[in-house]
Amino acid sequence: MPRTAKAVLCRELNKPVVVEEISVDSPKRGEVMVKLGACGVCHSDLSATNGTIPMPPPLILGHEAAGEVVEVGEGVTGFAVGDHVVSSFIYMCGKCRFCAGGRPVLCIEQGKALTTLPDGTLRTRDARGNPVSIFSGCGVMAEYATVHTDNLVKIDPKIPFDRAALVGCAVTTGVGAVFNTAKVMPGSTVAVFGCGGVGLNVVQGARIAGAGRIVAIDANEAKLEMARRFGATDVLLAKPGEDASKALKKMTGGGPDYAFECVGSGELAATAYRSIIRGGLAVVVGVAKPGDSTSVRTMTLPFEEKTLTGSYFGSCVPRIDFPRMLGLYTGGKLLLDELITRRYSIEEAPQAFADLESGRNARGVILF
Ligand SMILES: NC(=O)c1ccc[n+]([C@@H]2O[C@H](COP(=O)([O-])OP(=O)(O)OC[C@H]3O[C@@H](n4cnc5c(N)ncnc54)[C@H](O)[C@@H]3O)[C@@H](O)[C@H]2O)c1
Ligand SMILES: [Zn+2]
Ligand SMILES: [Zn+2]
């Protein structure tokens, strides 16, 4: 049954998001309709509204949500009405060499469902009946969304929607970068550049992995206080125009073993790379503008065996990693309650984006 729903849209680049009534069509083959309970506001949503992540408007935002299945399309197995689910924003064909090799974030077909469902069509229309694109196969910053089952993971219904939603991006991206991408060793030294929703999860991932020292770096003092709560042992205030790598090297006796860039800047990626000790690993998690680039001193690659790499969605396999993250939460190791600084109604979405931009929140979550 088609439904009308309020949704958060980017109508025009570089303008505040708007809340509109849309219609959501019934699920087709392999899809289900979800009544959303909560959706986190990620910097990547903001990046879609300013062209950093190119997804042309009109676009229904949201890729970090949890909700309940209310309608099931043809051929769907493994999902039933009443199931609780978390969204996953990667396209995985299941057949290419990367999917087959257990690395679905690298799926060769990934570009296919950037702003549509995997079959290239949409179930969403605005009040005038015009189709509206969706963020990365999801578009879940809305009361209802029709989503392909490959973009959903079933979860324990005892976990509240607002906490569960965070696993759909920030948690899996941050903790996954530590566990899956970097495979951080116990006792090692970790530096985290940028302590927003993603960076704070790198911090807590490093804590859970048993890192000995965790240095949090942010331009905002309040974020450093938050980082301490998530497990940072040391903090460093980033000052504009100042190279943090020198202070970091001094602080850690030669540089951290791992550095994570969680802001989205080539310059900061270079700083992260410069700061690591010989044999170290710098991981770029932040998403920079398409034209941005970074550079390394070439000689350091052979002589110091340093590595610069990236991490997309924590190199996760959603069906394995989402339940794993939630298991860490129910086991008391992963902090999710503390990650939500503020909850918003859907009408307050423009405020939620403004608060993200001003750095007020660890994570802001919209409740439906
Ligand atoms: N790789 C992935 O799969 C993936 C997934 C989700 C988000 N992201 C990206 O990760 C980045 C962070 O996302 P978020 O939601 O945590 O954002 P956020 O806005 O919550 O956090 C960014 C943090 O960086 C800090 N910062 C800004 N400039 C800085 C500087 N020069 N030095 C130190 N700190 C600085 C801010 O104060 C803020 O605390 C974004 O680029 C986002 O697009 C990547
Ligand atoms: Zn995200
Ligand atoms: Zn694939």
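Here is a short chat about a zinc site, a ligand pocket and one histidine in this predicted model.

Colleague: Happy to look at this with you! Which residues coordinate the zinc ion (ligand 2)?

Modeller: Residues are numbered from 1 along each chain as written, and ligands from 1 in the order in which they are written. In this predicted model local features need pLDDT of at least 70, and side-chain atom pairs count only at pLDDT 80 or more. Donors are N, O and S atoms within 2.8 Å of the metal (3.2 Å for Na, K and Ca), with water not among the atoms, so sites may look incomplete. At 2.0 to 2.3 Å, the zinc ion (ligand 2) is held by Cys 42 (SG), His 63 (NE2) and Cys 169 (SG).

Colleague: Nice. Is His 63 buried or exposed?

Modeller: Buried means under 20% relative accessible area, exposed over 50%, and partly exposed in between (1.4 Å probe, protein chains only). His 63 has 1% relative accessibility, so His 63 is buried.

Colleague: And how much of the accessible area of ligand 1 does the protein cover?

Modeller: A backbone N or O atom of Val 285 lies 2.8 Å from a nitrogen atom of ligand 1, and one of Ser 311 lies 2.9 Å from a nitrogen atom of ligand 1. On its own, ligand 1 has 860 Å² of accessible area (Shrake-Rupley method, 1.4 Å probe). Of that, the protein covers 86%.

Colleague: Lastly, where does His 148 lie?

Modeller: With a relative accessible area of 17%, His 148 is buried. Strands are DSSP runs of at least two residues, numbered from the N terminus. His 148 belongs to residues 144-148, strand E9.

How values were computed:
Heavy atoms only, no water. Helix = DSSP H or I, 4+ residues; strand = E, 2+ residues; numbered from the N terminus. Polar contact = N/O pair within 3.5 Å; in protein donor to acceptor, adjacent residues only side chain to side chain.
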